[in-house]
Each structure stands twice: as C-alpha cells, then as structure tokens.
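Subject: Structure for your review

Dear colleague,

Please find below the structure that I am handing over to you. I would be grateful if you would read the notes that come after it with the model open.

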Amino acid sequence: MILIAEKLNGSIPSCAEAIKAKDEDYIKDLAKRQADSGVDFIDCCASVIENELETMEWMINAIQSVTDCPISIDSPDVQVLIDSMPLCNKPGMFNSVSGEGNKIDTAFPVLAKPENSKWHIMALLCDDTGIPKTAEKRIEVFETIMEKAAFYGIAENRIHVDPAVEMLCTTDDGEGAFMILDVMKHIKKASPKVHISGAISNISYNLPVRRLVNQAFAVLAINAGMDSAVLDPLNKDLRGVILAAEAMLGHDDFCAEYVSAYREGIFEK
C-alpha cells in the first residue's frame, strides 16, 4: 500500500489554527512524526483563500527542514500546484487534477516534461457538474482523464485515481459504499497499472465511532483494488487492519510485511 499522510491539511481545524498562527513547530513536529511512521508521501494542503502559494511555500520549507519524505502538494488550484513543484527538493505527488474546467490541459503538459516524469499524479473523478452520482458517470470521467494522459504521454503507473469517497451516511439508496467499490473494481480491471487511491476517513464523517467505519471500508477497498490511500498514518489500528487485509489477499508473501510492521511497532496488540 502506498501511504499518503493526511494530517498537514488546513481543512483540519487544529492544522488550520497552526497555519494561521504560523506555528512552524507544529508543522515540523507533525511532519516528522508522520514521516517516521513510514509513509510514502506527506500531504501539504494550505486550504487558505488568500496567499495560498506563499502559505504552501512556508509549509513545504518547514516539512523539508525535518524530513526528506516526498511531499504531496495539495490544492484545488492547479496553477498553485505547478508553482509549488520547484519548491520541493524531490518529486512528490501532484494533488490533484480532475475533469473540471481546463485543469487537465493546464497540468498535464507540465507533468509530461522529462524533468517532471517522476511526479505522481492524483486524479479526482469529478467534473464541471461536481461529483457524479453514479458509477457510470465517474467511469466516464476516468476514461477522459486516461485519454488525456495517453495524449500527453503520461504513464499509467504515475496516476492515482481517487474515485471520490463520500460520506456513508449521505447514501439513501441502500447501496452503502458499493458504488465506490464498483468504480474501483472497474478501474483495476480496465487499467491494472493505475493506482487506486482515496481518503479513507471521508467514508465515516458524521458517524459515531468513526474508526470502525474506516477500518471496515479499508478492508473492502483493498479487496476492490485500492493500493494507495490518504490516511492518518499515526492510527495504529488502521495500519494494522490494512496490513492484515493485504496479507489475507495474498499481497504479502509469508506475511513478512505484517510481522515486520508488528515488530517495528507500526501497530500493536
């Protein structure tokens, strides 16, 4: 599983307060703890309306002062992401592109340049109408993104598709998370080299005992093909469930990764 640490995001109240106060120690501490937990990318999202690029630069510099873990630069404004790329010491994650407006045609030419070929790309399955309500429409957005990727010469294995995980409690059709899981299965079958990602914790908003819902969804999503996830890497229970699910599905020969992670304290009994 490719792990993208989610905690340095201005949409989280505690992080928003730290960003507003320019609390560099908060950013550094959380960046280091997440990096030390063994993640592949650290998400960096300012989530501010004014001076977003300047805030992103401040956050990136703080993160890079304590870890060399690649950064997932995160903004709905692709130009902010493009301008943030040179601020990073190494290639990371471009988070994100989608079917909205001209985002793809703005971002993909930059990401297709040889010097940017090691950047991963998060692709969100929404368009100018918002987040599609049906699996069929989300798959249409996926197909459009992949056609554009092929046009610009961007390799499939650089792309992490976020099918737009939404709150479980807002579904009123009795299908629960099945629609999202169906989209994941389709993507994995249609484009095996593409990574399937998403924010696991989105599924449990406004529900009690969120950790149980997150854990249940993680198991189902991994079974549907998810191999990249935005999550809280400091949540040892979730990390353990993910490792156990991967072992159950034959993704971990002789359970070596599961046993190693237990010995390293990634999760506890």
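The notes below take up a histidine, the aromatic rings and one helix in turn. Please bear in mind that this is a predicted model.

**Histidine 160**

H160 is located in strand β6, which covers residues 159–162. Its relative accessibility is 0%, so H160 counts as buried, the limit being under 20%. A polar contact of 2.9 Å links the side chain of H160 to the side chain of S228. Apart from neighbours within four places in sequence, the residues in contact with H160 are I2, M93, H120, I121, M122, A123, H195, S197 and S228. S228 thus appears both in this list and as the partner in the polar contact.

**Aromatic rings**

The structure contains four aromatic pairs. In one of them, Y258 and F267, the ring centres are 4.9 Å apart and the planes meet at 40 degrees, so the pair is classed as tilted. That class applies because the angle is neither under 30 degrees, as for stacked rings, nor over 60, as for edge-to-face rings. F267 also pairs with Y262, again in a tilted arrangement, with 5.7 Å from centre to centre and 45 degrees between the planes.

The residues of these two pairs vary in accessibility. F267 is buried, with a relative accessible area of 8%. Y258 has a relative accessible area of 30% and is partly exposed, and Y262, at 39% relative accessibility, also counts as partly exposed.

Elsewhere, F108, F151 and Y152 make up one aromatic cluster. A charged residue is also placed over a ring: K22 lies over the face of W58, at 5.2 Å from the ring centre.

**Helix α8**

Helix α8 runs through residues 210–224. Its 15 residues, at 1.5 Å a residue, should span 21 Å, and the end C-alpha atoms are 21 Å apart, so the expected and modelled spans agree.

Which residues of α8 are buried? They are V213, N214, Q215, F217, A218, A221, I222 and A224. The buried residues of the helix pack against three elements: α7 (178–190), β7 (195–196) and α9 (236–248). After α8 comes G225, which has a positive phi, near 120 degrees.

With kind regards

Methods: Residues are numbered from 1 along each chain as its sequence is written. This is a predicted model: local features need pLDDT of at least 70, side-chain atom pairs count only at pLDDT 80 or more; totals for chains, interfaces and linings use all residues. Side-chain values use heavy atoms; hydrogens and water are left out. Helices (H or I, at least four residues) and strands (E, at least two) are DSSP runs, numbered from the N terminus. Buried means under 20% relative accessible area, exposed over 50%, partly exposed in between (1.4 Å probe, protein chains only). A polar contact is a pair of N or O atoms within 3.5 Å; within protein, one must be able to donate a hydrogen and the other to accept it, and residues adjacent in sequence count only if both atoms are side-chain atoms. Contact means heavy atoms within 4.5 Å. Rings of Phe, Tyr and Trp (its six-membered ring) pair if their centres lie within 6.5 Å; planes under 30 degrees apart count as stacked, over 60 as edge-to-face and the rest as tilted. A charge sits over a ring if NZ of Lys or CZ of Arg is within 6 Å of the ring centre and within 35 degrees of the ring normal. The expected span of a helix is 1.5 Å times one less than its number of residues.
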